[in-house]
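This briefing covers a two-chain model and is arranged by topic. Please read it with the coordinates open.

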Amino acid sequence: MSVVARLEEQVLRPEQELAALIDQASGDGAVVSFTGIARPHSKNGVTVHRLVLEHHPSLTRQSLEEIAVEAAARFEVSHVRVVHRCGEVLAGEPIVFAAAAAPHRRAAFEAADYLMDRLKTDAVFWKKEIGGAGPQWIEPTAADFADRERWG
Amino acid sequence: MKVLFYGCLADAIGPELTVDASGCSIAQLRDRLIAEHPTAQEALGSNRTRACIRDAIVHDHHVVDRTDVVEFLPPVSGG
């Protein structure tokens, strides 16, 4: 069992994270990964040039670790890997990588789904879109909170 | 004592204030900050904005000490 939860201040390279997880997952039958990418437009269709992800000096890393550890405890998985960007992220760049390896696919799918639902509402970041509408702080939507509630 | 702000609250108030609020509850501190910074009313008054001391969430009835550093965390959003 391994749990990786990392705050990435530079470039996030999902292909490298996935390769590292597959290397670890020898003996497992499934690896499921999710990569979140900064969208080039807002909910209202306005152009977004970049995101700014502010973080807390201690609570952000702590929240990533808690979410990853809880996913590992909750599902029959062998490895969990979460990498989250902070700072400036240009539209089109990866913002988050969340993945799990497991003996069987169902647990890996569920763990990845759980990781993202938790990250959306519980990871300690403050997200600002910079674009055509000026700076806009982004908070979780009602759908994000409903997704989070599915897991109790 | 120091009060730290993040996200939209740091935009509205600034990242840090020094206030004399020892003996105040968190709720009283919120009210005082709202009175001094009305543009922060919506975020500071929201029950989704949490107060934190030494990396632990504290409730509105918690009484602050002069040595505390209080951090106000508006709603978070990752992913």
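B:Asp55 is exposed, because the 11 other C-beta atoms within 10 Å fall under the limit of 12 or fewer for that class. The model is a predicted one, and the points below start from the loop that holds B:Asp55.

**The S3–S4 loop of chain B**

- B:Asp55 sits in the loop between S3 and S4 of chain B.
- Its phi is near 65°, which is a positive value in a residue other than glycine.
- B:Arg54 occupies the loop between strand S3 (50–53) and strand S4 (56–58) of chain B.
- Phi of B:Arg54 is also positive, at about 50°, although B:Arg54 is not a glycine.
- B:Arg54 counts as exposed, so its surroundings are sparse by the criterion of 12 or fewer: 10 other C-beta atoms lie within 10 Å.

**Chain B as a whole**

- Chain B contains three helices and five strands.
- Their order along the sequence is β-α-β-α-α-β-β-β.
- The radius of gyration of chain B is 11 Å, which agrees with the value near 12 Å for a compact globule of 79 residues.
- The C-alpha trace of chain B spans about 35 × 25 × 20 Å along its principal axes.
- Buried residues account for 34% of the 79 residues of chain B.
- Of the contacts in chain B between residues at least 6 apart in sequence, 59% link residues at least 24 apart.

**Contact between the chains**

- On the chain B side, 10 residues are in contact with 19 residues of chain A.
- The side of chain B that touches chain A is made up of five nonpolar, four polar and one charged residue.

**Chain A as a whole**

- Chain A has four helices and eight strands.
- From the N terminus on, these elements follow the order β-α-β-β-α-β-β-β-α-β-β-α.
- For 152 residues, a compact globule would have a radius of gyration near 15 Å, and the 15 Å of chain A agrees with that.
- Along the principal axes, the C-alpha atoms of chain A fill a box of roughly 50 × 30 × 30 Å.
- In chain A, 41% of the 152 residues are buried.
- Of the contacts in chain A between residues at least 6 apart in sequence, 76% join residues at least 24 apart.

**Strand pairing around S7 of chain A**

- Strand S7 (residues 125–131) of chain A pairs with strand S3 (residues 48–55) of chain A in the antiparallel sense, over seven bridges.
- Within this pairing, A:Leu51 has A:Glu129 of S7(A) as its bridge partner.
- S7(A) also pairs in the antiparallel sense with strand S8 (residues 136–138) of chain A, here over three bridges.
- A:Lys127 is bridged to A:Ile138 in S8(A).
- Four residues lie between the strands in the hairpin of S7(A) and S8(A), where A:Gly134 takes a positive phi near 80°.

**Helix H3 and the nonpolar core of chain A**

- Helix H3 (residues 105–122) of chain A has 18 residues and reaches 25 Å from its first C-alpha to its last, close to the expected 26 Å.
- Its buried residues include A:Ala107, A:Ala108, A:Ala111, A:Tyr114, A:Leu115 and A:Met116.
- Charged residues also appear among the buried residues of H3(A), including A:Asp117, A:Arg118 and A:Lys120.
- The buried residues of H3(A) pack against strand S2 (30–37), helix H2 (59–74), strand S4 (79–85), S6 and helix H4 (142–149) of chain A.
- The largest nonpolar core has 60 residues, of which A:Ala71, A:Val77, A:Ala100, A:Ala108, A:Ala111 and A:Leu115 touch the most other members.
- Not counting residues up to four places away in sequence, A:Ala108 touches A:Ala30, A:Val31, A:Val32, A:Val77, A:Ala100, A:Ala101 and A:Ala102.
- In soluble globular proteins, nonpolar side chains tend to be buried together.

**The S5–S6 loop of chain A**

- A:Gly92 is located in the loop between strand S5 (87–90) and strand S6 (94–102) of chain A.
- A:Gly92 is exposed, because the 10 other C-beta atoms within 10 Å come under the limit of 12 or fewer.
- Leaving aside neighbours within four places in sequence, A:Gly92 is in contact with A:Ile37, A:Ala38 and A:Pro40.
- A:Gly92 and A:Pro40 are 52 residues apart along the chain, and their C-alpha atoms are separated by 6.6 Å.

Key: Residues numbered from 1 in each chain as written. Chains lettered and ligands numbered in written order. Predicted model: local features only at pLDDT ≥ 70, side-chain atom pairs only at ≥ 80, totals over all residues. Contact = placed C-beta atoms within 7 Å. Pairing = 2+ DSSP bridges. Helix = DSSP H or I, 4+ residues; strand = E, 2+ residues; numbered from the N terminus. Rg over C-alpha atoms; globule rule 2.2 N^0.38 Å. Buried ≥ 20, exposed ≤ 12 C-beta atoms within 10 Å, placed from the backbone. Expected span 1.5 Å × (residues − 1). Core = buried A, V, L, I, M, F, W, Y, C linked by C-beta atoms within 7 Å.
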